[in-house]
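Reader: Hello! Could you take me through one part of this protein closely, namely the open sheet, and then show me how it sits within the rest of the chain?

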Amino acid sequence: ILGNSSYVVIDSCSVSDVGGDGISTGESTIHILINNTIVDSVGFYFLQQPAGIRVQGSDNITVQHNEVAHVPYGGILVGWQRGFSADRHPDTNPVFVIRYNHVHDHGMGILSDYGGIYISAKVNCWQPPITYSCNMATLVY
């Protein structure tokens with residue numbers, strides 16, 4: 001998904017055998033839904049912190065009910081950008097909603113410093129306004 005996209009729905013899809021990120025959004029994206037999608041065996045060619053699903057954006061980015069597997073770094077990477085407004089609150093006005101995802105078989109002994117769901121703001125260590133719940137990360141190696 002390109003950086004200035006809006007109102008995009010990825011629903012009930014399968015993404016596999018991709019050299020880099022499976023699904024990726026840019027910093028200027030708004031109103032994105034990634035739902036009920038399987039991302040498997042991605043990121044083995046470009047080993048610079050590849051993600052099954054990498055989301056950036058400025059408003060209403062939802063990642064839910066997905067399965068992410070066999071990724072050498074992060075299953076779902078959230079944030080990794082600058083420019084969040086300090087008046088956003090994760091409970092009442094989140095930029096990101098990450099829920100009901102299953103990440104498994106990630107890390108794979110290839111890269112270090114990885115996570116099932118990896119949240120970062122990239123600049124000044126300020127966490128983005130995010131709501132996350134009912135996610136599961138298993139079989140990390």
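Author: Happy to; here is the sheet, followed by its surroundings. Please keep in mind that this is a predicted model.

The open sheet is formed by four strands in the order 3-6-9-12, and their pairing is parallel. Strand 3 (23–24) and strand 12 (117–120) stand at the edges with a single partner strand each, so one side of each has no neighbour in the sheet. Strand 3 runs parallel to strand 6 (residues 51–55), and two bridges join them. In this pairing, Ile 23 stands opposite Ile 53 of strand 6.

Ile 53 also leads us inward. The largest nonpolar core has 20 residues, and Ile 53 is among those that touch the most other members, along with Ile 34, Val 55 and Phe 96. At least two residues of this core come from each of strand 4 (30–35), strand 5, strand 6, strand 7 (59–64), strand 8 (67–71), strand 9 (74–79) and strand 10 (96–99).

Now to the loop between strand 5 (38–42) and strand 6, where Phe 44 has its place. Phe 44 is partly exposed, as its relative accessible area is 37%. Together with Leu 47 and Ile 110, Phe 44 makes a nonpolar surface patch of about 240 Å².

Stepping back, the protein has 14 strands and zero helices. Of its 141 residues, 45% are buried. Among contacts with a separation of 6 or more, 77% are between residues 24 or more positions apart. The protein exposes about 7000 Å², of which carbon and sulfur atoms supply 51%.

Key:
Residues are numbered from 1 along each chain as its sequence is written. This is a predicted model: local features need pLDDT of at least 70, side-chain atom pairs count only at pLDDT 80 or more; totals for chains, interfaces and linings use all residues. Side-chain values use heavy atoms; hydrogens and water are left out. Two strands pair if DSSP finds at least two bridges between them. Patches are made of residues with over 30% relative accessible area and no salt bridge: like charges are joined within 9 Å, nonpolar side chains (Val, Leu, Ile, Met, Phe, Trp, Tyr) within 5 Å. Accessible areas come from the Shrake-Rupley method with a 1.4 Å probe; for residues, only the protein chains shown count as cover. A salt bridge is a side-chain nitrogen of Lys or Arg within 4 Å of a carboxyl oxygen of Asp or Glu. Buried means under 20% relative accessible area, exposed over 50%, partly exposed in between (1.4 Å probe, protein chains only). A nonpolar core is a set of buried Ala, Val, Leu, Ile, Met, Phe, Trp, Tyr and Cys residues joined through side-chain atoms within 4.5 Å. Contact means heavy atoms within 4.5 Å.
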